[in-house]
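The following note sets out comments on the structure under review. The points are numbered so that each can be taken up separately.

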Amino acid sequence: SNACGQLGQSYQDYHCSEEEKHMECPVDPNMSITAVTHAKWYGAPAPLYCGPKTDEQPHSGFWDYGYECNKGWANPPETCDVYEGQKAGKFDQSRPYASTAGRTDVEGCCWWGRGVIQTSGVCNFGKLNYYLGARAAEEGRDSRYPSVDFCKDPEIICSSSEYKELKWVAGMFYWMESVQPYNEGGWKYTDELAKFVEGGMQGTSFIDAVSGIVNRGCHNPPCGTGAVDGGHERSQNFKKVLDTMFAGSIPEVSGLTTSSNFQSPLNPSSPANLAPSSPSPPSHTTGDKWYPDYNPIWAEGLCSNSYPAPSGRPHYDSQSECCAKAYGGQASGVCVGLIEEIPSSSSTGPGFIAAASITPQPTREPVSPSSEAGLILNSDKFIAMDETLQAVKDDIDTKLFLYETPSFQWVPSTVYKYADFRESLYVMATEGVAGKKFYIGEDVTNGHVYGLVNIAAFLAQSMKETIKYDACDENSWDLVGGKYPLSNACGQL
């Protein structure tokens with residue numbers, strides 16, 4: 001019954017406010033779902049599941065993690081066949097076994113945490129459906145996923161092979177709902193993010209407070225249920241992400257509010273020294289490294305080796321490598337078309353990619369340049385942010401999105417991939433949910449840097465919450481009397 005909720009929680013009772021109650025999912029007592037991911041240690045509990053009570057099975061029992069299930073010598077032989085890779089453990093349904101909340105069944109308990117920051121409850125899944133899913137389409141509103149019914153199949157967040165970005169979308173939805181608007185006790189996320197960026201990205205006070213919000217619901221724990229779980233690990237994750245994004249060289253930035261979508265009043269004391277705009281007129285000095293010019297008009301973007309180079313931009317060994325990684329898929333061909341006109345002294349050295357070998361990236365569904373989404377996608381800040389991420393996408397997959405195996409090795413996640421993350425960023429930064437969007441720095445000069453720090457904070461939490469476990473579904477971990485109640489699916493803390 002841990003499926004119903006762990007440490008006393010009940011996910012099916014996570015209702016919306018009166019103003020939003022019409023959005024939440026109804027609880028169907030006949031719904032049957034089994035999670036697609038689970039813990040992988042020796043004897044780890046089976047995937048969470050939910051289903052109706054029946055005459056044959058009127059209650060839920062527990063998972064016996066110490067049971068030796070590989071008994072080829074027994075008569076009849078026994079094998080570990082509940083899930084792939086199982087080494088020990090078994091279901092024990094011989095008697096009712098209560099979770100911390102007292103549940104001894106899993107009826108209606110299909111709302112456990114899913115996605116990169118474990119979105120749970122009938123309210124959250126209902127909002128996703130109301131704004132992005134089937135309900136929006138049915139009621140005549142624009143829908144990003146018209147065929148996806150988050151209420152009838154909440155597991156689609158983890159199981160969809162068509163929309164692999166959903167596991168990220170769910171996490172970003174939480175971030176937009178609970179972290180970005182946080183403003184309690186004199187600590188406002190938007191202001192503190194700006195202070196951190198403009199203060200040279202020093203110290204851990206910002207990320208420690210964010211970790212408190214995510215893990216305990218407040219910026220200054222202990223609060224609620226206690227101290228932050230894995231606080232040091234979260235802050236180290238944050239540093240790793242920032243070092244990866246900025247290649248170990250943190251840009252110096254002073255903000256200047258330009259619009260008020262994010263509502264972050266800033267008082268810059270000096271002009272910004274990093275702007276995502278076209279570079280200054282080229283001097284006669286050239287170097288052996290190339291960087292994208294961050295032209296606000298994507299079709300006219302190119303790579304330059306004029307020095308001194310603006311700070312905060314990725315550098316490449318050749319012009320063709322720069323074009324391939326910073327302007328891959330550029331339909332105009334401006335960047336690639338200039339390769340022969342401005343040869344690089346290193347264009348035959350390590351890292352060189354011939355112009356003919358550049359493979360365009362898959363083309364996204366076109367959006368009108370004059371639409372809200374089009375204006376965001378074509379803004380200099382979004383382009384600069386996207387280019388920075390694209391330049392380090394391999395490092396993100398191989399150095400950040402890692403999980404720890406039962407043998408204590410760190411290997412790339414099989415569940416979380418950069419390509420899916422990027423797709424979710426496009427969706428949530430341009431379309432969003434309920435008028436809220438994932439913040440990309442649209443309101444400040446040098447906004448892409450602020451947006452990248454927001455992403456880094458989000459990824460730092462994700463790496464701790466789920467990526468390190470290679471899990472999309474919530475694991476059963478609330479141990480009651482030395483056993484794991486199956487009703488943990490109904491709610492855990």
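1. A residue is called buried here when its relative accessible area is under 20%, exposed when the value is over 50%, and partly exposed in between. By this criterion, helix α13 is largely enclosed by the rest of the structure, because 12 of its 13 residues are buried. The model under discussion is a predicted one.

2. Confidence should be considered before any local detail. The mean pLDDT of the chain is 83, and 83% of the residues reach 70 or more. Over residues 256-284, however, the pLDDT is below 50, although the model gives this stretch 75 contacts beyond near neighbours in sequence. A further stretch, residues 340-363, also stays under 50 and has 37 contacts beyond four places in sequence. Where pLDDT is low, the predicted coordinates should not be read in detail.

3. As to overall composition, the chain contains 14 helices and 13 strands. Of its 493 residues, 52% count as buried. When contacts between residues at least 6 apart in sequence are considered, 69% of them join residues at least 24 apart. The chain exposes about 21,500 Å², of which carbon and sulfur atoms supply 52%.

4. Helix α13 merits a closer description. This helix covers residues 418-430 and extends 18 Å from its first C-alpha to its last, close to the 18 Å expected at 1.5 Å a residue. Its buried residues include Y418, F421, L425, Y426, V427 and M428. Charged residues are also found in the buried set, among them D420, R422 and E423. The packing partners of the buried residues are α4 (166-179), α10 (372-377), α11 (380-391), α12 (393-400) and α14. After α13 comes G432, with a positive phi near 65°.

5. Helix α14 contributes a second interior position, N454. N454 counts as buried because its relative accessibility is 0%. Leaving aside residues up to four places away in sequence, N454 touches W175, Q180, Y189, L193, F438 and Y439. The C-alpha atoms of N454 and A194 are separated by 9.9 Å, while the two residues are 260 apart along the chain.

6. Which residue forms a salt bridge with R114? The partner is D473, and the closest N and O atoms are 3.6 Å apart. The pair links distant parts of the chain: R114 belongs to the loop between β5 (90-92) and α1 (122-131), D473 to the loop between α14 and β12, and their positions lie 359 residues apart in sequence. Both ends are shielded from the probe, R114 being buried with a relative accessible area of 0% and D473 being buried at 1%. In total, a search of the whole structure finds 21 salt bridges.

7. A second long-range pair is R144 with E431, whose side chains meet in a salt bridge at 3.7 Å, N to O. R144 lies in the loop between α2 (134-138) and α3 (156-159), and E431 in the loop between α13 and α14, so this pair ties together parts that are 287 residues apart in sequence. Here both residues are partly exposed, with relative accessibilities of 22% for R144 and 37% for E431.

8. A local pair is provided by E192 and K195, which form a salt bridge with closest N and O atoms 3.4 Å apart. Why are E192 and K195 separated by about one helical turn? They are three residues apart in helix α5 (residues 189-198), which accounts for that separation. An α-helix has 3.6 residues a turn, so residues three or four places apart point the same way. The accessibility of the two residues is nevertheless unlike: E192 is buried at 17%, whereas K195 is exposed at 54%.

9. Salt bridges also occur as a network, in which E20, K127, E177 and K436 are linked.

10. Finally, the surface carries a nonpolar patch formed by W41, Y42, Y65 and L479, with about 420 Å² of accessible area together. L479 is located in the loop between α14 (447-465) and β12 (484-485). With a relative accessible area of 42%, L479 is partly exposed. D473, described above as buried, is placed in the loop between α14 and β12 as well.

Methods:
Residues numbered from 1 in each chain as written. Predicted model: local features only at pLDDT ≥ 70, side-chain atom pairs only at ≥ 80, totals over all residues. Heavy atoms only, no water. pLDDT = per-residue confidence, 0-100. Contact = heavy atoms within 4.5 Å. Patch = residues over 30% accessible without salt bridge, like charges linked within 9 Å, V, L, I, M, F, W, Y side chains within 5 Å. Areas by Shrake-Rupley, 256 points an atom, 1.4 Å probe, with all protein chains shown as cover. Salt bridge = Lys/Arg side-chain N within 4 Å of Asp/Glu carboxyl O. Helix = DSSP H or I, 4+ residues; strand = E, 2+ residues; numbered from the N terminus. Buried < 20%, exposed > 50% of the residue type's maximum accessible area, 1.4 Å probe, protein only. Expected span 1.5 Å × (residues − 1).
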